[in-house]
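Biologist: Hey, I'm new to this one. Can you walk me through it?
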4 protein chains.
Amino acid sequence: MIKVGIVGGTGYTGVELLRLLAQHPQVALQAITSRSEAGMPVAQMFPNLRGRVNLTFTEPSVDNLSQCDVVFFATPNGVAMKQVPELLAKGVKVIDLAADFRLKNPVDWQQWYGMPHACEDILAEAVYGLPEVNREAIKKARLVANPGCYPTAVQLGFLPLLKAGLVDANSLIADAKSGVSGAGRKAEVHTLLCEAGDSFKAYGVAGHRHLPEIKQGLQHIGGQAVGLTFVPHLLPMIRGIHATLYARLTQDVSDLQALYEQTYANESFVDVLPAGSHPETRSVRGANVCRIAVHRPQGGDTVVILSVIDNLVKGAAGQAVQNMNIMFGLAEDTGLMHIALLP
Amino acid sequence: MIKVGIVGGTGYTGVELLRLLAQHPQVALQAITSRSEAGMPVAQMFPNLRGRVNLTFTEPSVDNLSQCDVVFFATPNGVAMKQVPELLAKGVKVIDLAADFRLKNPVDWQQWYGMPHACEDILAEAVYGLPEVNREAIKKARLVANPGCYPTAVQLGFLPLLKAGLVDANSLIADAKSGVSGAGRKAEVHTLLCEAGDSFKAYGVAGHRHLPEIKQGLQHIGGQAVGLTFVPHLLPMIRGIHATLYARLTQDVSDLQALYEQTYANESFVDVLPAGSHPETRSVRGANVCRIAVHRPQGGDTVVILSVIDNLVKGAAGQAVQNMNIMFGLAEDTGLMHIALLP
Amino acid sequence: MIKVGIVGGTGYTGVELLRLLAQHPQVALQAITSRSEAGMPVAQMFPNLRGRVNLTFTEPSVDNLSQCDVVFFATPNGVAMKQVPELLAKGVKVIDLAADFRLKNPVDWQQWYGMPHACEDILAEAVYGLPEVNREAIKKARLVANPGCYPTAVQLGFLPLLKAGLVDANSLIADAKSGVSGAGRKAEVHTLLCEAGDSFKAYGVAGHRHLPEIKQGLQHIGGQAVGLTFVPHLLPMIRGIHATLYARLTQDVSDLQALYEQTYANESFVDVLPAGSHPETRSVRGANVCRIAVHRPQGGDTVVILSVIDNLVKGAAGQAVQNMNIMFGLAEDTGLMHIALLP
Amino acid sequence: MIKVGIVGGTGYTGVELLRLLAQHPQVALQAITSRSEAGMPVAQMFPNLRGRVNLTFTEPSVDNLSQCDVVFFATPNGVAMKQVPELLAKGVKVIDLAADFRLKNPVDWQQWYGMPHACEDILAEAVYGLPEVNREAIKKARLVANPGCYPTAVQLGFLPLLKAGLVDANSLIADAKSGVSGAGRKAEVHTLLCEAGDSFKAYGVAGHRHLPEIKQGLQHIGGQAVGLTFVPHLLPMIRGIHATLYARLTQDVSDLQALYEQTYANESFVDVLPAGSHPETRSVRGANVCRIAVHRPQGGDTVVILSVIDNLVKGAAGQAVQNMNIMFGLAEDTGLMHIALLP
């Protein structure tokens with residue numbers, strides 16, 4: 001059994017990690033920490049866990065966490081980078097669900113997250129945890145930076161086209177829509193039901209923190225510089241991301257559908273839909289799957305890719321567990337075969 | 001492995017049965033029938049099942065279904081009663097998720113469902129599949145009538161009070177609210193998102209088909225005649241039932257909380273919340289659980305019980321699988337330990 | 001033109017007051033105050049008002065407000081009672097949308113609102129602003145206590161029965177459901193879309209602040225002591241209250257439908273639906289109307305009344321404007337004839 | 001007073017027309033027809049109209065309609081074209097909210113709507129009712145083709161750029177999202193609350209009927225051929241369209257914000273938001289307004305325009321009334337000054 005700890009378990013990625021890990025056959029939950037809620041039973045805050053998770057939130061403590069084989073950080077940005085080095089030194093593996101180790105360039109980090117990076121030296125070691133791209137590196141990693149939700153949906157959608165070098169990498173467009181859970185469980189006015197409900201809007205058009213992460217990833221995939229316009233939107237629902245991607249073909253392509261099906265033929269968690277399909281976010285609700293459809297409207301030179309994930313699962317907690325499975329040599333789908341809840 | 005067939009799998013109870021049975025370790029799905037959709041892959045209609053359920057809808061046929069150990073009917077009311085006798089004769093066990101075998105009195109059936117009953121002779125044999133009440137009978141049953149969604153939430157809520165004979169059985173009130181999935185997947189105007197969304201209303205106040213079922217069940221539990229006012233409402237959401245129950249105490253009671261906790265101490269799927277709690281429907285979303293809280297406002301003589309279930313799980317498909325587990329001597333919670341999806 | 005001021009206009013009752021008053025033919029908006037947002041244009045916070053309300057939030061100041069003919073308080077409980085006496089002294093009429101002047105007994109106020117009352121001496125003068133009950137007193141009032149949202153729906157629903165003395169006043173039950181906007185625009189976790197959305201629950205069963213207000217009102221209407229069980233619930237939607245009311249008949253009644261129709265025959269803002277109807281909250285969305293249906297299920301002795309309002313209109317801002325019209329001798333429906341938005 | 005008739009008033013555009021016309025100071029509602037519902041009071045189908053619209057649905061009849069000054073067609077595509085010529089011959093003006101007269105080329109009509117056009121001869125006379133483009137022609141029109149909902153939001157968003165010739169007209173992208181009411185009030189499975197709720201998807205990517213309408217309009221505005229990729233999506237809410245538009249600048253532009261503000265400076269129903277804004281669909285709920293924001297992310301050469309409308313108001317019924325006001329020489333905003341409902 002893998003001894004698992006969670007730092008900062010009071011948010012939505014925290015409760016989702018608990019839902020998945022509590023049902024994982026190879027995991028023993030050791031500790032879940034929360035400075036603010038220390039002493040409260042986890043199931044009191046999250047009643048869906050009643051009778052299944054008997055842990056109580058504890059004060060974060062290295063002694064405690066160093067007993068674990070792996071620690072998941074479900075903390076706000078900037079927390080993990082202060083604690084990870086000590087855990088690594090004690091031989092604990094770390095999977096960070098925040099952004100602390102996603103950007104390779106500390107200058108980018110400081111620009112987008114507004115604080116200097118606390119451990120630039122280990123940035124190079126951190127592996128970007130998108131298994132469909134970095135599986136081999138993840139196997140050997142001590143520290144995995146779990147991708148953001150938008151970046152997961154967008155990178156998996158563009159990957160086949162960029163790898164094949166079929167499109168103009170300088171004029172990519174990602175029009176992405178996310179459920180409100182992506183904003184977390186903080187008490188804020190703009191995510192109240194009466195503010196975000198029954199309405200729809202774009203946000204962060206001038207620049208969103210996931211932009212540099214996506215560009216870094218796409219450049220790594222395509223092996224060339226990338227120009228991307230990224231526009232996130234807020235959906236009046238809880239879970240789900242839908243990315244609508246636009247790219248211009250630079251050469252004639254016989255069969256985009258076959259390209260996508262072949263690229264992901266051996267991936268357990270990427271599902272290429274039949275030609276002409278439109279994936280629904282509900283088809284992945286609660287499941288660790290990315291469903292993708294590729295279109296070429298009116299036979300023109302613009303390709304439209306539709307990519308959906310559950311932002312809390314394949315976009316966060318599920319992908320983190322997938323990374324854990326890879327890091328510990330388990331079958332990649334262990335504990336991740338939940339079927340999506342529909343309706 | 002238990003060989004399972006499903007008749008009428010194109011509705012919401014059908015897809016939910018498939019979600020649960022496809023993840024059940026002791027089940028082999030043999031056949032799923034649909035007159036209207038014969039020939040269509042199940043996963044084409046329900047994309048959440050892609051890669052997990054490879055069956056195709058077939059024409060209903062007794063030859064086919066008689067190969068099964070058990071057949072679930074997820075058909076409209078009035079269908080099962082025409083086909084069940086032949087299956088029983090061939091030694092196939094049957095669990096009917098419709099209402100055909102719930103009412104013991106065929107006169108009541110005809111009054112509330114508007115058609116004569118097709119097999120009155122086996123009504124007596126049918127066991128009402130509420131495990132918390134009829135577990136022993138279910139073990140030996142060939143034919144189980146799976147309870148309705150409202151009846152499950154209401155009976156489990158009133159049960160401890162009626163068994164203990166603490167309340168006036170002639171003035172019970174059940175104010176129940178259901179998500180729209182309870183109305184099924186039929187194309188109708190009143191359940192369109194633009195009709196049922198962002199609004200709330202009562203319906204069927206003059207008389208709802210679940211009224212005689214609930215009264216029959218409460219009379220069986222309490223051993224006396226029952227007077228019940230039942231008012232169902234439609235919630236602007238998909239899954240979940242919340243029953244708010246009112247009863248008048250006829251004698252002083254020391255500790256209602258203890259009564260409820262003791263009554264359900266050994267039940268895997270009934271969770272009595274701590275005193276002062278208010279269960280949320282989301283705490284059982286996708287899970288086979290009924291969560292209950294009991295209150296005595298202002299210390300008066302009116303008891304208020306709050307009872308929540310997922311109408312598609314403990315209110316339908318989950319309870320049907322629970323009954324199957326009991327009928328086949330499996331651990332009652334086999335394949336039913338899914339943790340609710342929250343948020 | 002009536003010169004109007006608003007104190008505390010940054011909440012949902014504030015923006016709704018602005019929507020109604022900006023379209024009122026006899027009103028000149030003079031000032032809207034907010035300590036926290038002083039200096040911000042109102043339309044920047046509430047974009048629906050762009051081009052229609054050009055005011056900027058200002059610091060509260062008596063000099064400023066005393067120029068008005070009437071001042072609406074849309075402030076948290078406990079604020080108005082500190083400022084009202086000075087305004088009255090300057091000849092300004094006041095309509096308080098908070099609870100400060102609703103309870104006649106200052107002991108009840110302290111018990112339910114947790115603070116001593118700041119001006120007990122004027123409690124007696126304050127008129128409870130339910131026009132269907134106190135119209136004549138409102139005409140002469142200097143200070144009107146605008147009713148709460150639940151109390152409006154519940155009192156209008158029970159009124160005809162209590163006035164006629166047809167039911168047992170000691171065993172009334174009000175099972176009420178409210179949209180989330182009733183909780184206001186404060187940043188809190190429990191009203192986030194991800195907490196209150198796609199779910200349903202009861203709250204405050206042990207005792208809600210509207211209980212003493214409703215009981216006081218029903219006792220005034222019926223002229224006798226009242227026993228009431230009041231259970232509020234939170235609906236996963238923004239606007240709308242649905243009260244389902246239960247009462248036991250103490251004598252035989254020929255025609256409840258006629259009783260309700262006659263009682264409200266001359267009321268512009270109470271609409272009694274035809275026999276057998278079920279009012280929907282959407283039928284009053286944005287409109288200053290209470291729609292009511294009365295039922296007697298199975299011809300028994302329990303009466304079920306269904307009463308719906310928009311909690312922000314007839315349950316708050318709309319009723320406040322209705323009171324203003326009465327206080328200033330305008331036609332009661334001036335500026336209040338908006339048709340509900342459906343769908 | 002303008003005598004008004006409505007043909008086909010049982011859908012969402014029908015009830016919205018009634019809501020607006022019943023509150024219009026210069027309108028006398030004469031007749032509303034429905035073959036299926038003849039004899040039913042309008043307010044019985046749409047309870048929000050109780051006490052405000054006393055009409056009963058009648059059989060369509062030319063004698064009846066020819067008494068009107070103007071007739072609105074809120075019928076399915078293909079109905080109006082069969083009845084309009086006779087009405088025009090009798091001197092009745094017509095505003096068609098369906099698509100029958102939007103496309104100038106009958107070949108396009110047949111291709112996209114699957115039926116030959118019934119009166120090609122008057123296609124040329126029909127004026128496309130987008131006031132911001134065709135106001136002068138609308139003043140003299142006998143027959144106005146009211147624009148579709150998507151086309152309204154997309155054309156108003158691209159207009160300033162195309163008029164100024166600043167972008168590459170061959171690579172325009174419109175990523176549009178609509179509330180479910182755009183699909184109408186028909187009983188269909190895909191628009192049930194349980195199918196379209198709590199989920200998000202694209203549809204019609206291969207080709208949507210609004211594509212040729214938008215292209216025709218943009219070509220008219222820009223005076224050149226246009227290449228457009230149009231991807232519609234279905235939002236889990238009732239009202240509102242949000243169009244996210246992408247265009248590539250072909251020359252350097254000093255001030256896009258000023259361009260948009262100047263272009264719409266004199267338009268009552270187009271609101272250009274301050275630089276950096278993100279319009280919300282709720283800010284136009286129930287109002288006849290299009291709110292627009294223009295962005296140039298990261299100072300690149302891709303312009304992003306955000307355009308929102310209420311699909312039932314500025315996208316249908318409201319714009320139809322705006323056209324009526326223009327046709328009859330009334331102030332364009334007569335009866336159209338409703339403030340959006342927020343929250």
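Modeller: Sure. This is a predicted model. Let's start with a salt bridge: the side chains of D:Arg50 and C:Asp271 meet there, at 2.6 Å from N to O.

Biologist: How many salt bridges are there between chain D and chain C?

Modeller: The count is 2. The rule also finds 14 residue pairs in polar contact across that interface, both residues being at pLDDT 80 or more.

Biologist: And which elements of chain D give two or more residues to the side that touches chain C?

Modeller: Those are helix H1 (12–22) and strand E11 (270–272) of chain D. H1(D) gives the most, with 5 residues. By class, that side of chain D has 17 nonpolar, 6 polar and 10 charged residues.

Biologist: What area do chain D and chain C bury between them?

Modeller: About 2700 Å², with 61% of it on carbon and sulfur atoms. In terms of residues, 33 of chain D are in contact with 33 of chain C.

Biologist: Switching topic: what does the domain assignment give for chain A?

Modeller: Domain 1 (2–125) and domain 2 (149–311). Their C-alpha centres lie 27 Å apart, and the contact takes 13 residues from each of these domains of chain A.

Biologist: What do those two domains of chain A bury between them?

Modeller: About 1200 Å², 52% of it on carbon and sulfur atoms. In domain 1, A:Tyr12, A:Arg102 and A:Trp112 lose the most area to domain 2, together 49% of what that side buries.

Biologist: How many salt bridges between those domains?

Modeller: There are 2 between domain 1 and domain 2 of chain A. Elsewhere on my list, A:Arg239 and A:Glu16 meet in a salt bridge through their side chains, 2.7 Å from N to O.

Conventions
Residues numbered from 1 in each chain as written. Chains lettered and ligands numbered in written order. Predicted model: local features only at pLDDT ≥ 70, side-chain atom pairs only at ≥ 80, totals over all residues. Heavy atoms only, no water. Contact = heavy atoms within 4.5 Å. Buried area = accessible area lost by both parts, 1.4 Å probe. Salt bridge = Lys/Arg side-chain N within 4 Å of Asp/Glu carboxyl O. Polar contact = N/O pair within 3.5 Å; in protein donor to acceptor, adjacent residues only side chain to side chain. Helix = DSSP H or I, 4+ residues; strand = E, 2+ residues; numbered from the N terminus. Nonpolar A, V, L, I, M, F, W, Y, C, P; charged D, E, K, R; others polar. Domains from an automatic or database assignment.
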